[in-house]
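Here is a brief report on one protein chain. It covers confidence, sheet pairing, charged and aromatic contacts, and backbone geometry.

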Amino acid sequence: MAPFGSDCEVFPSQVRRPLLVVPCQTRRSPRRLRFFLAATLLCLAAAPALAQQPGPTPSQLANLDIEQLARIRVTSAGRKAEPLADATAAITVITAEDIRRMGATSVPEALRMVPGLDVARVGARDWAISARGFNEQSSNKLLVLVDGRTTYSPVFSGVNWDALVVPLGEIDRIEVIRGPGGTLWGANAVNGVINIITRSADESQGGRVALAAGTWDKLAGSIRYGGELGSRTSYRVYAGGRMRDPAVLFDGTEAQDDWNFGQGGFRMDGRPSSRDHWTLQGDVYSGNGGNRLILPTDSAPVFATVRDADLNANGGNVLGRWVRQFGTNSNLMVRGYYDRSHREVAPYFGTMNEELLDFEAQYRVPLFHRHDVIWGAGYRRIHDDVTGTPAVRFNPDSRSTDLFTGFVQDEITLAPGRFTLTLGSKLEHNDFTGFEVEPNLRLLWTPSSTQSVWAAVSRAVRTPARVDADADAVSAIPNLRFKAVLVGSDSFASEELIAYEAGYRTVLSSRLSLDVSAFYNDYDELRTLTPIGVLPGSPRPVVPFVLQNRASGHTGGVELSATWQAARRIRIRGSYSYLDANLMLDPGTPAGTIIGAAFNTPHHQATLWSSIDLPHDLQLDLIGRYVGRLPGPNIPEYAEADARLGWDAGNGFQFSLVGQDLLQAHHREFPTSSFTLDNRAIERRGYAKVTWSF
């Protein structure tokens, strides 16, 4: 669902608020009972481990070449470095080598291979990305971080993917958690967390120049240089940009979504002592492109008009972090960052300015030999200013909000090398709903050095954004015989999730590994659009739809991934995801109510990736993917393939030829928002790239 707005001449704010209905709260008690019952069962399952003798510490698969599972250390699942095999969550790690070999040109393209993640291209610059359902261009149940900095817009709780450009050559890894992460990461980490972690400046010394040209990105390039400031401080600076042509519609006309984008930034890392490490980094960006919008009008009989307009976006951020190491498993981290963004689409929402200031401290300490405790607190100040238009408007047009957070998590070793129990909770206070509690309980069992089994039950919430509380919008559906006005609600509650998860990881042989996870998600207080009567109007009557929480539902699914070292020079990776959903309106909901929580996610997805090392320093990567039909809009199933041929020429030069979406001349992956023209085609395309490192 796209951000909403208003026509205050038709439905003024002084009339709006008294008509709001307080959301029904009757469903919460049984849900909380189910949560505590599940948590109790997990504790009972762990109890026999207390009577077992300590077993040998597992090797965490460190001696295996298959993905080097134990050597890949992740931080997103537990806010500390731990082997991937020990993570009590469904987590996938995309390494820097993965990004290079798949030929990705952006972060969304790199995410396509993650099971359980729905990544759909909408056009030249727009994406719809979610985990475990509820996909839309403004997906609001997925938290995306860059080095711990949140990137979602506080106006609609989604990510502007066109402005989230991270230099791919400076990414160390991308950690993707499918499932809730609210206990550690807070609100909006409902269905998943994507944490993009860049390399330390120590690891990017010297220079690198990259240049690419192709059928869609006419020209893209970047330059980076890293060096040292004394013996204890390293730095890097970079700049880059691209010029991208627009997509086309199925009738052959241009979609007016071209994108010219430039960005620059720096990072500094210092180690003043053996125990201290500090980081200072920042980025600035600017982009502009076209839009073809469908806007509401009072002119009969269509009541809608098509208008071309420019999108302009710019912003910047700066982040500082200091870590003091007290011991092997004890440290203190303090982090703060400032983020500013500006977006302008004159006929749609006018201009939107957002500022975010965030501070956080985290302390880890081992206690009593069996406890590994992490706790922390934070404060976030958010300010936004939206000028608004007759189509989209916020009341008030400017607002500042405060978020206070605290969390604690304890990892308890029940039987060394065998059973670990993790429990914790996050407590937040926001200006929309007050206090929110997000607990979780997780159990890890390692029956052998090549197997791990985990299970979890968690609660997470998606707190209201400005669009839920303060936005009014006029529908731009052509030929609609009444004027539909979408109205925010002061009493809009948080959308709730109680998630039940389990997973199994194993290395079946020195050549084959397997990772399986299953989940059942129980949602409540989902967003709905509820009509509250008909108001007279000319030339057509007005029907206000108020944003409320009158829907619930559940989803369930299975995610499978495997890696097979078919030969010394051939590695094959595959994944499959199944997802089913059932959303429903609460009993007694007024007729005509619409569930506003979009569920444009396919039931089936599959990928297959073959990486082949050829003689003479050549590399060949072949990637196939299948995406099932979207159950909401009629987007048919499709299968596509990418291919990359790379050559390491020596002396720092690397060349590659990449073809993307090769099987069809064009296809659709996702519908566009209600304010933009539909039927954008994703075309067959390719590019050539050269990189020089010195």
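A residue counts as buried when its relative accessible area is under 20%. Arg343 has a relative accessible area of 12%, so Arg343 is buried. The model is predicted.

**Confidence**

The chain has a mean pLDDT of 88. Of its residues, 89% reach 70 or more. Residues 1-29 stay under 50 in pLDDT. The model still has 90 contacts beyond four places in sequence for residues 1-29. The pLDDT is also below 50 over residues 43-64. That stretch has 37 contacts beyond near neighbours in sequence.

**Salt bridges**

Side chains of opposite charge can pair when their charged atoms come close. The structure holds 51 salt bridges. The table gives three of them.

| Pair | Closest N to O distance |
|---|---|
| Glu360 and Arg79 | 2.7 Å |
| Arg343 and Asp162 | 3.0 Å |
| Asp269 and Arg267 | 2.7 Å |

Take the Glu360 and Arg79 salt bridge at 2.7 Å. This pair links distant parts of the chain, 281 residues apart. Glu360 sits in strand β18 (residues 350-367). Arg79 sits in the loop between β1 (73-74) and β2 (82-83). Both Glu360 and Arg79 are buried. Arg79 also lies over the face of Trp185, at 4.1 Å from the ring centre.

Which parts of the chain does the salt bridge of Arg343 and Asp162 tie together? Arg343 is in strand β17 (residues 330-345), and Asp162 is in the loop between β7 and β8 (171-178), so the pair joins parts that are 181 residues apart in sequence. Asp162 has a relative accessibility of 7% and therefore counts as buried. Arg343 is buried too, at 12%.

Asp269 and Arg267 meet through their side chains, at 2.7 Å from N to O. Both Asp269 and Arg267 are buried.

Salt bridges also join into a network. Its members are Arg112, Arg625, Asp642, Asp661, Glu669 and Arg685.

**Aromatic contacts**

There are 13 aromatic pairs. Phe261 and Tyr285 form a stacked pair. Their centres lie 5.8 Å apart, with 20 degrees between the planes. Phe261 belongs to strand β14 (residues 259-273) and Tyr285 to strand β15 (residues 276-296), so the pair ties together parts that are 24 residues apart in sequence. Both Phe261 and Tyr285 are buried.

Tyr348 and Phe349 form a tilted pair. Here the distance is 5.3 Å centre to centre, and the angle between the planes is 55 degrees. Tyr348 has 10% relative accessibility, so Tyr348 counts as buried. Phe349 is likewise buried, with a relative accessible area of 9%.

One aromatic cluster is made up of Trp647, Phe653, Phe655, Trp692 and Phe694. Another ring contact involves a charge: Arg121 lies over the face of Trp216, at 4.6 Å from the ring centre.

**An open sheet**

Five strands make an open sheet, in the order β3-β8-β9-β6-β7. The pairing is mixed. Why is one side of β3 and of β7 left without a neighbour in the sheet? Each stands at an edge with a single partner strand, and therefore has one side unpaired: β3 covers 90-95 and β7 covers 149-150.

Strand β6 (residues 142-146) pairs with β7 in the antiparallel sense, over 2 bridges. Val146 stands opposite Arg149 in β7. The loop between β6 and β7 holds Asp147. Phi of Asp147 is near 55 degrees, a positive value in a residue other than glycine. Is Asp147 buried or exposed? Its relative accessible area is 8%, so Asp147 is buried.

**Other backbone features**

Asp617 also has a positive phi, near 60 degrees. This residue is in the loop between β32 (604-614) and β33 (618-627). Asp617 counts as exposed, at 53% relative accessibility.

Two cis peptide bonds precede prolines. The bond from Asn395 to Pro396 is cis, with omega near 5 degrees. Pro396 lies in the loop between β20 (392-394) and β21 (398-415). The bond from Ser538 to Pro539 is cis as well, with omega near 10 degrees. Pro539 lies in the loop between β28 (512-531) and β29 (542-567).

Technical notes
Residues numbered from 1 in each chain as written. Predicted model: local features only at pLDDT ≥ 70, side-chain atom pairs only at ≥ 80, totals over all residues. Heavy atoms only, no water. Pairing = 2+ DSSP bridges. Helix = DSSP H or I, 4+ residues; strand = E, 2+ residues; numbered from the N terminus. Phe/Tyr/Trp six-rings, centres within 6.5 Å; stacked < 30°, edge-to-face > 60°. Buried < 20%, exposed > 50% of the residue type's maximum accessible area, 1.4 Å probe, protein only. Lys NZ or Arg CZ within 6 Å of the ring centre and 35° of its normal. Salt bridge = Lys/Arg side-chain N within 4 Å of Asp/Glu carboxyl O. pLDDT = per-residue confidence, 0-100. Contact = heavy atoms within 4.5 Å.
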